[in-house]
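Trainee: Could you take a close look at a single part of this structure with me? I would like to follow one helix and its surroundings from start to finish.

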Amino acid sequence: MEQHPRQPDPTLGGAIQVFAGMQSSQPQQTAARSASAAAGAGRAAVADPIPPGLVDDEWRRWIAENLMVGATPDGLLNAMVGAGISRAEAVREIELALRSPYLRGTELLLNRLRKREWQLTTYRKLNRLHPAASEIPRRHKLSRREFLEEHYSTNRPVIITGMMDDWPAMTKWNLDFFAETLGDREVEVQYGRTAGANYEIEREKYTARLTFGEFVEKVRTAGVTNDFYMTANNNTISKQNLAELWDDIVQVPEYLNNRDPMAGFFWMGPPGTITPFHHDLTNNFMAQVIGSKRVKVVPSWDIPLMQNYLHVFSRVDGRVTPARPHAELDEAQILECDLGPGEILFLPIGCMHFVEGLEISVTVSFTNFIYDNDFTTFYTTYHGV
Ligand SMILES: O=C(O)CCC(=O)C(=O)O
């Protein structure tokens, strides 16, 4: 069925309500009553005046799922009729769902979820009282203690300046240097990304191997494009073959441990690279070496407002969704900053972010903080949410 909806539809309305649609239409009401009366009397479906129709178990799952996420019965009815199901059949199925003891069995879970939502909304409200709530502050040479107290432990982003001044990379790295010293090394990059909207989720479909010299030349000459990008996901091969680059970076001792001198991920791309909205499962530093990037960051307590439908991913399109630093309580707050060379952006765990390359760009990202950064051992929702 062409319009068969498989996802909860956020447009379908508020909390579960009385099925007003049924009251507005006498014939359907009669049909639904007959159906439920038949079911109640244990009679076979053959006694039902509505012939078997288009509603299968997938539709029934959809009805239950949408009722549980707060869609109104009338919203569901309209969607089903719009998808070609007869009004009488849609009414019957929604009515059956509303009366189903299986569905009622999920009410405790629904209440538990509402309680969590209340907690998050409370945190959202309180955090928006913070004097710096509507911006990502820039802090020069933030101390370890300030970083912990004001940002790491409070889950707040910050841009740290002045902490990359001793990186040899800041003066040595440029496209000519890369091509001359490491041009013959094989690297892996994300490639052909403009062919598919889901290039991040299906990232293994979009990889290519080439020499670093070829890649550097592409970056130099391509202009604005999202088609290719060397990202953290290409790290295994590319980092191994570009190991010398790690001699030029410093594991900033104020915040990072140096247990592994090769810790970190290398990102390089032309202007126009887009990393869609997602959140990480760790706290993360983005240390910008070459060029600039525009980053949109959403506080972690706003995840429920970010159409987070699968694992860490969002349906919100950062390309067309403007910054919203002064959002209403029921909409996600979207902070925005431009990150330039020598600046480190702290991206707190759970904060959705969208990143756009404004220029030819090289970034090194880190997760090896001196503080506990393990949030995955109790993460279980790798699937649809
Ligand atoms: O720089 C980028 O394009 C994306 C960075 C990012 O999303 C990350 O480090 O988690």
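Mentor: Gladly! Let's begin where helix α11 has just ended: there, Gly-223 takes a positive phi of about 75°. Bear in mind that this is a predicted model. Stepping back into α11 itself, the buried residues are Phe-212, Phe-215, Val-216 and Val-219. Around the axis they cover an arc of only 100°, so they sit on the same side of α11.

What do these buried residues of α11 pack against? Their partners are helix α10 together with β3 (186-191), β4 (207-211) and β6 (265-269).

The helix partner deserves a longer look. α10 spans residues 175-182 and α11 spans residues 212-221, and the two pack with their axes 9 Å apart, at an angle of about 160°. Angles over 145 degrees count as roughly antiparallel, and α10 and α11 are therefore roughly antiparallel to each other. Their crossing is left-handed.

On the α10 side, the contact is made by Leu-175, Phe-178, Ala-179 and Leu-182, while α11 brings Phe-212, Gly-213, Val-216, Val-219 and Arg-220. By character, the residues of this contact divide into 7 nonpolar, 1 polar and 1 charged. Coming back to burial, Phe-212, Val-216 and Val-219 are among the buried residues of α11, and these three also take part in the contact with α10.

Methods:
Residues are numbered from 1 along each chain as its sequence is written. This is a predicted model: local features need pLDDT of at least 70, side-chain atom pairs count only at pLDDT 80 or more; totals for chains, interfaces and linings use all residues. Axes are lines fitted to C-alpha atoms, for helices over the stretch in contact, and angles run from 0 to 180 degrees between N-to-C directions. Helices (H or I, at least four residues) and strands (E, at least two) are DSSP runs, numbered from the N terminus. Angles under 35 degrees count as roughly parallel, over 145 as roughly antiparallel, 65 to 115 as roughly perpendicular and the rest as oblique. A crossing is left-handed if the near helix is turned anticlockwise from the far one by less than a right angle, and right-handed if clockwise. Two residues are in contact if their C-beta atoms, placed from the backbone, lie within 7 Å. Ala, Val, Leu, Ile, Met, Phe, Trp, Tyr, Cys and Pro count as nonpolar, Asp, Glu, Lys and Arg as charged, and the others, Gly among them, as polar. A residue is buried if 20 or more other C-beta atoms lie within 10 Å of its own, exposed if 12 or fewer, and partly exposed in between; C-beta atoms are placed from the backbone. The arc is that of the directions from the helix axis to the C-beta atoms.
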